[in-house]
Amino acid sequence: MNHSGIDTVDLNLLRVFEALMEEGAASRAAIRLGVTQPAISAALGRLRLLYSDPLFERTGRGLRPTTRANELAPMIEEALNHCRQALAPAMPGKTAEGRSITVGLSDDSEIALGHTLLSLVKRQLPGVRIIFRQTHSGLVQDMLMRHQIDLAIAAGGLSSPLIARHRLGRGNYLCLAGMHTPIPASAQEYAQRPHLLVSSGGFVGIVDEGLRAAGYRRRIKASTSHFAAVPFLLADSDLITTVPTHAAHAIVRMAPLKHFECPVPLPSYELELGVRIGSKHDDVLQAVKTLLLEAIHTHYVLS
């Protein structure tokens with residue numbers, strides 16, 4: 001960076017940088033900030049000169065941040081959030097306007113919590129935008145530390161001392177089937193039924209581990225990586241599937257399916273909410289966290 005001094009730098013350039021990082025295109029950044037696209041292009045030129053780096057490179061799908069831009073993004077986000085916090089006493093109720101809070105969830109949690117969280121935010125934080133971004137235990141910590149998400153719910157994967165963890169409880173599983181599909185009366189019958197596996201990869205899941213311990217092996221006839229596809233794949237079929245309890249309850253509220261207890265004992269899993277410890281003074285982020293916890297207590301069945 002050229003050491004020209006803060007008094008000679010237009011700090012609005014940081015808002016342009018933030019918009020380009022989040023929108024990925026000059027045209028969308030212009031719409032977001034209420035300026036023209038040439039103004040965004042001119043600001044990007046000044047940013048490039050300021051940081052002695054291209055910052056964003058053109059691709060067939062928009063603008064891709066350079067390594068330097070990805071390094072700068074957390075610092076610039078933190079600086080802008082500090083500015084918003086500093087303005088809070090002078091502009092009560094206004095500093096949340098236009099804020100985007102990114103919540104990292106697996107898609108089953110998004111199905112269970114998304115609508116309720118949006119409703120709570122609409123009533124209590126109407127100026128805030130919520131962005132849902134998929135994550136899982138293998139990615140969540142890195143995404144938090146890279147400021148790709150602000151809050152996250154995960155079953156493991158949070159161990160950094162820079163992340164504050166809030167224990168939510170232990171999750172369990174339920175089975176789903178079409179309304180006319182008979183409920184299996186035993187573990188043996190359950191294992192013999194055709195199964196739909198919901199998994200990010202492979203054909204082995206937690207159910208298979210439970211069945212193996214009981215001396216059985218199931219028949220997996222189909223697999224999907226998306227919980228949202230479950231109602232369509234189970235409809236008018238003889239398939240059954242086993243999913244987290246919160247996902248099962250959310251799905252049966254929206255689709256003509258039934259849920260039932262799994263006839264095979266399955267281990268529970270620990271759920272945690274994670275947030276960077278440096279965000280504890282960010283009132284908007286903390287308010288969204290409170291609403292997320294309210295949504296969890298409403299729609300998660302935890303022990």
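**Notes on the predicted model: cores, sheet and two unusual loops**

1. To begin with the packing: the largest nonpolar core holds 41 residues, and I153, L292 and I296 have the most contacts inside it. Please keep in mind that this is a predicted model.

2. Which elements build this core? At least two residues each come from strands β3 (100-105), β5 (151-154), β7 (173-178) and β12 (269-276), and from helices α5 (107-124), α7 (187-192), α8 (206-214) and α11 (283-299). The most is given by α11, with eight residues.

3. L292 makes a good place to start looking around. Beyond its neighbours within four places in sequence, L292 is in contact with V103, L113, L117, L151, I153 and L273. One of these partners, I153, is also listed with L292 among the residues with the most contacts inside the core.

4. There is a second core, separate from the one above. It has 24 residues, including L13, A43, Y51 and I76.

5. Now to the sheet. Five strands form an open sheet with mixed pairing, in the order β4-β3-β5-β12-β6. At the edges are β4 (129-134) and β6 (163-171), each of which pairs on one side only. On average, neighbouring strands here are turned by 20° against each other, direction ignored. Helix α5 packs on this sheet and touches β3, β4 and β5, while its direction makes about 175° with that of β4.

6. Inside that sheet, β3 and β5 run parallel and are joined by two bridges. If you would like a register point to check, G104 stands opposite A152 in β5.

7. A hairpin is also worth a look: β1 connects to β2 through two residues. The two strands, residues 56-59 and 62-65, run antiparallel with four bridges between them. Here T59 stands opposite G62 in β2.

8. Helix α1 (residues 12-23) passes a simple length check. At 1.5 Å a residue, its 12 residues should span 16 Å, and the end C-alpha atoms are 17 Å apart, so the two values agree. Buried residues in α1 are L13, L14, V16, F17, E18, A19 and L20; of these, L13 is also included in the second core. Just after the helix, G24 takes a positive phi of about 75°.

9. Two loop residues deserve your attention for their backbone. Most residues other than glycine have a negative phi. What is phi for L55? It is near 65°, a positive value in a residue other than glycine. H147 likewise has a positive phi, near 60°.

10. Where does L55 sit, and is L55 buried or exposed? L55 lies in the loop between α3 (37-51) and β1, and it counts as buried because its relative accessibility is 0%, below the 20% cut-off. Apart from neighbours within four places in sequence, L55 is in contact with F17, L47, R48, R64, P65, T66, R68, A69 and L72. The C-alpha atoms of L55 and L20 are separated by 9.9 Å, with their positions 35 residues apart along the chain.

11. H147 is found in the loop between α6 (140-145) and β5. With a relative accessible area of 22%, H147 is partly exposed, since buried would require a value under 20%. That makes a handy pair for your backbone check: L55 is buried, whereas H147 is partly exposed.

How values were computed:
Residues numbered from 1 in each chain as written. Predicted model: local features only at pLDDT ≥ 70, side-chain atom pairs only at ≥ 80, totals over all residues. Heavy atoms only, no water. Pairing = 2+ DSSP bridges. Buried < 20%, exposed > 50% of the residue type's maximum accessible area, 1.4 Å probe, protein only. Contact = heavy atoms within 4.5 Å. Expected span 1.5 Å × (residues − 1). Core = buried A, V, L, I, M, F, W, Y, C linked by side-chain atoms within 4.5 Å. Axes fitted to C-alpha atoms, helices over the stretch in contact; angles between N-to-C directions.
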